[in-house]
Amino acid sequence: MGHMTDFCGCETTLSSQAATDHWNKTVKAFLAHGAATPEHLGKTLELAPDFAQAYAAKGLFSLLLGRAELVQTAREALTQAETCGTTSPREAIYISALRLYLSGAPSAAASAFETLLKEWPEDALAMKLVQAIRFVLGQPDEMRKSLEVVMPAYRNHAALGYLKGCYAFALEETGDYAAAETAGREGLLLAPDDAWGLHAVAHVYDMTARAEDGLFWLSGQTKAWEHCNNFRYHVWWHIALMHLDLGEMDEALALYDAEIRADKTDDYRDISNAASLLSRLELEGVNIGTRWEELAALSEGRVEDGCVVFADLHYLLSLIGGNRKDAMRKMMHRMAADATRRETEMEKVIHRPGLSAAQGLEAYGEGQFATAFANLRTARADMQRVGGSHAQRDVFERLTVEAALRGGYLNAAEDLLAERTMKRGGAEDGYTARRRLLIEAARDDARRAAAPVL
């Protein structure tokens, strides 16, 4: 029997139809952030234990989860892929990309896939892996460019809807909001289970201060994320942010309990959703009770991870919220050591801006607002490099504004708010409106204090 072709039209080294069916299901599930991805991958390897590309995919999926213990899983997957070997130059690039990622050079892994896509632009798994890796690295310009290169090959492609969903997100992160909304809506018509495209449109509403439109958009589309892995918690997080923007704090807190932390996982993306929402709620004066405790306990087990700087900063937020002083000290010590080493790509990001951001968060937690502001402002210019989205990193922007306000730097706080609004196409959201009122009140207090007593 000859080699089989996958649903993208790429020739594989598989010789069984059953294994090919499961491989196709693996790729489609990964494109849709489906919870069934590992199940289909496992079945593929069960039916085709010599399929090197599937082992390489397993390794890459493991690394993208950003957990220290999964680095060993990825190493084992690389060994298995190398042992199997492959006669396919395309599949060989998957093995090479995994090797590069494991060596501490994820952007080189993404570049390897971009080289692959020049010859096989129809490879939707490679297309999505570039997006996933560059997202972790905070590289939206590269995400957009990579998609624009392969786009002509997707006119009649089975994964066109998923490509449009990826493109919607890349357009939004590069500030092209109208085009992003259009691409996201088009993509969802073609791929109704594409939670990434659905959430790209939610990002547009976040960045253009249209919270009510965002709630309307997401409320009717639960089918697009019900099948998801933990990505569904992230969609609920977006809904909570929209309520927060509208000043509906109780609704946001209720979603935290009912959906966002429905499962008490220690996946960094889930902890990031949670820590980020609790921080925002606290900035609005909401009493969040003992909710930090659970996050702090989980984050304590992650102080040595150092896989993703974005994750480190959210673990740190959780440790500060739960007042875990020893764990905070250990984490700061480890980050300082990583920053000094500067060998891997992540260590370079810890060096700049990770360490300054961490020092700013630590000072903020201690109530040292001048120090917090100085460090957070230093980190701010390079925060894109920690990865994630504008909406996710906005928690650090808000804490920088808050440190300025509490430190008495009212003009600086006003400038930060103006810059933040400009990035949002000039649309002022609920957060900025509330902070402007605080600045006015603080100035009034200062004027009254300086006025002569009659």
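Start with the whole chain in cartoon view: the secondary structure comes to 24 helices and zero strands. The model is a predicted one.

**Whole protein**

Keep everything selected and show the C-alpha atoms. Along the principal axes they fill a box of roughly 100 × 45 × 35 Å. The radius of gyration is 23 Å, which agrees with the value near 22 Å for a compact globule, because the chain has 454 residues. Colour by burial next: of the 454 residues, 58% count as buried. Then turn to contacts between residues at least 6 apart in sequence; 63% of these join residues at least 24 apart.

**The nonpolar core**

Select Phe 113, Met 127 and Leu 313. In the largest nonpolar core, which has 161 residues, these three touch the most other members. Add helix H7 to the selection: H7 gives the most to this core, with 10 residues. H7 spans 124-136.

Now centre on Phe 113 and show its surroundings as sticks. Leaving out residues up to four places away in sequence, Phe 113 touches Leu 60, Ile 93, Tyr 94 and Ala 97, along with Ala 126, Leu 129, Val 130 and Ile 133.

**The largest pocket**

Hide the core and move to the largest pocket, whose volume is about 910 Å³. Its lining has 40 residues; select His 33, Leu 64, Leu 65, Asn 229 and Arg 269, the closest to the centre. To see which elements frame the pocket, colour those that give two or more residues to its lining: H2 (37-47), H3 (52-64), H4 (68-84), H7 (124-136), H11 (195-207), H14 (231-245) and H16 (268-283). Colour the lining by class, and 19 residues come out nonpolar, 17 polar and four charged.

**The second largest pocket**

Go on to the second largest pocket, which holds about 440 Å³ of space. Select Val 71, Gly 306, Cys 307, Thr 344 and Met 346; of the 22 lining residues, these lie nearest the centre.

For the helices, show H3, H4, H5 (89-102), H19 (325-341) and H20 (345-365), each of which supplies at least two residues of this lining. Which helix gives the most to the lining of the second largest pocket? Highlight H4, which contributes four residues. H3 and H4 were also coloured at the previous stop, as elements that give two or more residues to the lining of the largest pocket.

Finish by colouring this second lining by class: 11 residues are nonpolar, five polar and six charged.

How values were computed
Residues numbered from 1 in each chain as written. Predicted model: local features only at pLDDT ≥ 70, side-chain atom pairs only at ≥ 80, totals over all residues. Heavy atoms only, no water. 1 Å grid on protein atoms, 1.4 Å probe; cavity = no way out; pocket = protein on both sides within 12 Å on 5 of 7 lines; lining within 4 Å. Points joined across faces, edges and corners; volume = space filled by probe spheres on them. Nonpolar A, V, L, I, M, F, W, Y, C, P; charged D, E, K, R; others polar. Core = buried A, V, L, I, M, F, W, Y, C linked by side-chain atoms within 4.5 Å. Buried < 20%, exposed > 50% of the residue type's maximum accessible area, 1.4 Å probe, protein only. Contact = heavy atoms within 4.5 Å. Rg over C-alpha atoms; globule rule 2.2 N^0.38 Å.
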